[in-house]
Amino acid sequence: MDDIALDAAKKTAARTAVDQWVTEDTKILGIGSGSTVVYAVQRIAERVWKEGELTDLICVPSSYQARHLILDYNLNLGDLDRNPNIDVAIDGADEVDRHMVLIKGGGGCLLQEKVVASCAKHFIVVADYTKNSIRLGEQWCRGVPIEVAPMAYVPIKLHIEALFGGEASLRMAKVKAGPIVTDNGNFLLDWKFIANREYDWDEVNRAITLIPGVLETGLFVNMAHKCYYGMANGSVKVQNK
Ligand SMILES: O=C(CO)[C@H](O)[C@H](O)COP(=O)(O)O
């Protein structure tokens, strides 16, 4: 499947989710990050600017990327100070398992994404079909992103490896020299867990979150309400909890 077909799948999933979940009753919308969410924002802008709907909708971003998208499409920009009760949040995912546990943070925005999702009554995931797995790690090979305080990344890495095996490595920037610095000024570890080991992701998430210096993990457990996958044949598959 080439990039054009994958993009088409992302677009169909995002547009379908927006049309099913964003209504005139939706006052506050959380906006996730990544390439699939761009199509969701485009569809919202189309409904606001071409169809004259949703004119009072306030969009709360989960990253600088999301903030810029909201501004670029001239939508109403909100924030959690003024809009802490979100009706619906729409976001992408790197992988989703059969229990709707997500890996997020491939784009490095997991901390704010998890905060925004946690403030939403309904958290809706949009993705192409390559994200839909039985088990985590089946298709996504880059591990679980973990946002950490810069001075603590080595002890955290050693702690995670001792607790759960695998290998956690510091995410390096591609253009800038040195590590990626997140929107919040932190570093990212990508923890490649042991494939084929049965992990209890809720327990793993709680244990990693308790390590001093960990800000957040990219494991989203019991958060997603529904996942929309754009399929290779042009249809949309909906996964429910
Ligand atoms: O978690 C994320 C960013 O931190 C993204 O939602 C995730 O990486 C999916 O991105 P894309 O829609 O580009 O596949």
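Begin by selecting helix H1, residues 3–21 (helices, H or I, of at least four residues, and strands, E, of at least two, are DSSP runs numbered from the N terminus), whose 19 residues at 1.5 Å a residue should span 27 Å, in agreement with end C-alpha atoms that are 27 Å apart; the expected span is 1.5 Å times one less than the number of residues. Before going on, note that this is a predicted model, in which local features need pLDDT of at least 70 and side-chain atom pairs count only at pLDDT 80 or more, while totals for chains, interfaces and linings use all residues. Residues are numbered from 1 along each chain as its sequence is written.

Staying on H1, colour its buried residues, among them Ala-9, Val-18 and Trp-21 (buried means that 20 or more other C-beta atoms, placed from the backbone, lie within 10 Å of the residue's own). The buried residues of H1 pack against helix H2 (35–49) and strands E4 (86–91), E7 (120–128), E13 (226–230) and E14 (236–240), where contact requires C-beta atoms, placed from the backbone, within 7 Å.

Next, select the open sheet of 4 strands, which pair antiparallel in the order E9-E10-E8-E11 (two strands pair if DSSP finds at least two bridges between them). Strand E9 (167–170) and strand E11 (214–217) stand at the edges with a single partner strand each, so one side of each is left without a neighbour in the sheet. E9 and strand E10 (residues 187–192) pair in the antiparallel sense over 4 bridges, and Asp-190 in E10 is the bridge partner of Ser-169.

Terms used:
A residue is buried if 20 or more other C-beta atoms lie within 10 Å of its own, exposed if 12 or fewer, and partly exposed in between; C-beta atoms are placed from the backbone. Two residues are in contact if their C-beta atoms, placed from the backbone, lie within 7 Å.
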